[in-house]
Amino acid sequence: MNNMRMLAEEEENDDGTEVTWEDQQRINTFSKLNTRLRSIEERLEELKSHDSLQQEKEALDDLSTELELTDEDESVLYKIGESFLHLPQPRAIKRLEKDQAALSVQILDLSAGAEQCEKEMKELKVTLYARFGRAINLDE
């Protein structure tokens, strides 16, 4: 029965450190932040790995070039969601600029969210490792 141990005796940490309510709240917060960070990273990876972000940016750039070459009096087809609408050229350019800005903001928001989660997790790691030492594992 003794050879069924998962940890060596010296690795077991039974120093009797009691987990307080505040400690448990910190652990729960760390877990929530970790889950949020993984979700954000997956979303960013999804945007980058499928080249959908790059393709969308290139498409918007190409569209911008094409719109600049059209007459201002012409109506152009502009895709919004799954539909195409006839828009006057100046309005289509404004809409395009708005869409490009929204895409950039989305990337910046996701990146900022990831950085904030990492910062808070780092602070919690310091606190929790100081309290529990090797009795707690906060690394992946």
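Arg38 and Glu41 pair up through their side chains in a salt bridge, with N and O 2.6 Å apart. Both residues sit in helix H1, three residues apart, or about one turn of the helix. Neither end is hidden away or fully out in the open: Arg38 counts as partly exposed at 26% relative accessibility, and Glu41 is likewise partly exposed at 33%. The model is a predicted one, and by the rule applied here it holds five salt bridges.

Another of these bridges belongs to helix H1, which spans residues 21-49, and here too the partners, Asp23 and Arg26, are three residues apart, about one turn of the helix. Their side chains meet at 3.1 Å, N to O. Asp23 has a relative accessible area of just 3% and is therefore buried, the cut-off being under 20%. Arg26, at 30%, counts as partly exposed.

Further along the chain, Asp139 bridges to Lys125, and the closest N and O atoms are 2.9 Å apart. This pair ties together distant parts of the chain: Lys125 is in helix H3, while Asp139 lies in the segment after H3, 14 residues away. Asp139 is partly exposed with a relative accessible area of 42%, and Lys125 is partly exposed as well, at 26%. Salt bridges with shared partners also join Asp23, Arg26 and Arg131 into one network. Arg131 has a ring contact too: its charged end sits over the ring of Phe132, 5.4 Å from the centre. As for pairs between aromatic rings, the count is zero.

Now for the overall layout. The protein has three helices and two strands, running α-α-β-β-α from the N terminus on. Of its 140 residues, 19% count as buried. The accessible surface comes to about 10,800 Å², and carbon and sulfur atoms make up 49% of that. Among contacts between residues at least 6 apart in sequence, 60% join residues at least 24 apart.

Helices H2 and H3 supply some local detail. Gln89 lies in helix H3 (residues 89-132) and is buried, with a relative accessibility of 5%. Leaving aside residues up to four places away in sequence, Gln89 touches Leu67, Glu68, Thr70, Asp71, Glu72 and Glu74. Of these contacts, Glu68 belongs to helix H2, residues 52-69. Glu68 has a relative accessible area of 58%, so it clears the 50% mark and is exposed. Glu68 and Ile93 are 25 residues apart in sequence, with their C-alpha atoms 8.1 Å apart in space.

Technical notes: Residues numbered from 1 in each chain as written. Predicted model: local features only at pLDDT ≥ 70, side-chain atom pairs only at ≥ 80, totals over all residues. Heavy atoms only, no water. Phe/Tyr/Trp six-rings, centres within 6.5 Å; stacked < 30°, edge-to-face > 60°. Lys NZ or Arg CZ within 6 Å of the ring centre and 35° of its normal. Helix = DSSP H or I, 4+ residues; strand = E, 2+ residues; numbered from the N terminus. Buried < 20%, exposed > 50% of the residue type's maximum accessible area, 1.4 Å probe, protein only. Contact = heavy atoms within 4.5 Å. Areas by Shrake-Rupley, 256 points an atom, 1.4 Å probe, with all protein chains shown as cover. Salt bridge = Lys/Arg side-chain N within 4 Å of Asp/Glu carboxyl O.
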